[in-house]
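Here is a friendly walk through one model, best read with the structure open beside the text. Please keep the viewer at hand and follow along.

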Amino acid sequence: MKKRSTFALLAIIIAGLVIFLWQNHTPASEVNNGSTPPKQSFNKKQYSTTDPTSIWVVVNKQHQLNPVDYAPSDLVVPNIPLRVPGNESMQVRKVTATALEQMFAAAKQQGIDLMLSSGYRSYAYQVSLYNGYVQTQGQATADTQSARPGYSEHQTGFAADIEPVSKECEVDPCFGTTPEGIWLAANAYKYGFIIRYTAADQKITGYEAEPWHIRYVGTALSTELHSTGVQTLEQFFGISGGAVYK
Ligand SMILES: [Zn+2]
């Protein structure tokens, strides 16, 4: 009798233990149900937005390049169709060149023939360009035609103006409606570029729509902007912009 009750007690303890373990056991397949770990937030401080050598540098009418006569040290001519071969403006920074080459090759595979219209522009070139406008049209008009020296994204070597090989809508708002412009708007982010100046963001960027002007920022940022729907660097980083020069 004593043996029997000991056995019964042992059976109850084991049964209780089994039930306890069963209730507290979580099948591996359910571990993430409803509790997916939060996506690691994007590190907005990974690169500088003020260092002219940084792929995230923000240049606008409120933020001049520093130093004002900055020139990149690794300018190269990308292996893509060029509007004016041999010209200084057919250069871009090495990282931009590699991305352009990949993007142009992908476009070509889909029957889209792109050409580099203008890449790097030196401080000296921007001085002569801007001063030419000022002398002939006055400063107010000059400011609508050309960036002031030290304020052009082209001086970083990360910017490129793109046009069709056919030259249709060359540096013209209608480029956005060409097959090349439509392809660029839809695919540039895959190669680390953004369309820097859109009609919707004119008040933020300080520039009218330029569907031909792309800016290299790296695929991490271009993809983040694409997936979050944020259009401008100014909004993403909380940096001032606008049409008025500082
Ligand atoms: Zn441009």
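The torsion about the S-S bond of C169 and C174 is about -115°, so this disulfide is left-handed. Bear in mind that the model is a predicted one. The sulfur atoms of C169 and C174 lie 1.9 Å apart, S to S, and the structure holds 1 disulfide in total. In general, such a link is a covalent bond between the sulfur atoms of two cysteines.

How do the two cysteines compare in burial? C169 has a relative accessible area of 17% and counts as buried, because the cut-off for that label is under 20%. C174, with a relative accessible area of 28%, is partly exposed.

Next comes the metal site. Which residues coordinate the zinc ion? The donors are H154 through NE2, D161 through OD and H213 through ND1, at 2.0 to 2.1 Å. Along the sequence, these donor residues follow the spacing H-x6-D-x51-H. D161 belongs to strand 4 (residues 159-164) and H213 to strand 6 (residues 210-216), so this pair, 52 residues apart, links distant parts of the chain. Both D161 and H213 are buried.

Strand 4 and strand 6 bring us to the sheet. It is an open sheet of 4 strands, in the order 3-4-6-5, with antiparallel pairing. Strand 3 (114-118) and strand 5 (193-197) stand at the edges with a single partner strand each, so one side of each has no neighbour in the sheet. On average, and ignoring direction, neighbouring strands here are turned by 45° against each other.

Two of the strand pairings can be set side by side:

| Strand pair | Sense and bridges | Residues facing each other |
|---|---|---|
| Strand 3 and strand 4 | antiparallel, 4 bridges | L116 and I162 |
| Strand 5 and strand 6 | antiparallel, 4 bridges | F193 and Y216 |

Is strand 3, at its place on the edge, enclosed or open? Of its 5 residues, 5 are buried, so strand 3 is largely enclosed by the rest of the structure. As a general point, side chains in a regular strand alternate between the two faces of the sheet.

Finally, look for helix 2 (residues 94-109), which lies across strand 3, strand 4, strand 5 and strand 6. Helix 2 runs at about 130° to strand 6, the strand that also carries the zinc donor H213.

Note on methods
Residues are numbered from 1 along each chain as its sequence is written. This is a predicted model: local features need pLDDT of at least 70, side-chain atom pairs count only at pLDDT 80 or more; totals for chains, interfaces and linings use all residues. Side-chain values use heavy atoms; hydrogens and water are left out. Donors are N, O and S atoms within 2.8 Å of the metal (3.2 Å for Na, K and Ca); water is not among the atoms, so sites may look incomplete. Helices (H or I, at least four residues) and strands (E, at least two) are DSSP runs, numbered from the N terminus. Buried means under 20% relative accessible area, exposed over 50%, partly exposed in between (1.4 Å probe, protein chains only). A disulfide is a pair of cysteine sulfur atoms within 2.5 Å. Two strands pair if DSSP finds at least two bridges between them. Axes are lines fitted to C-alpha atoms, for helices over the stretch in contact, and angles run from 0 to 180 degrees between N-to-C directions. Contact means heavy atoms within 4.5 Å.
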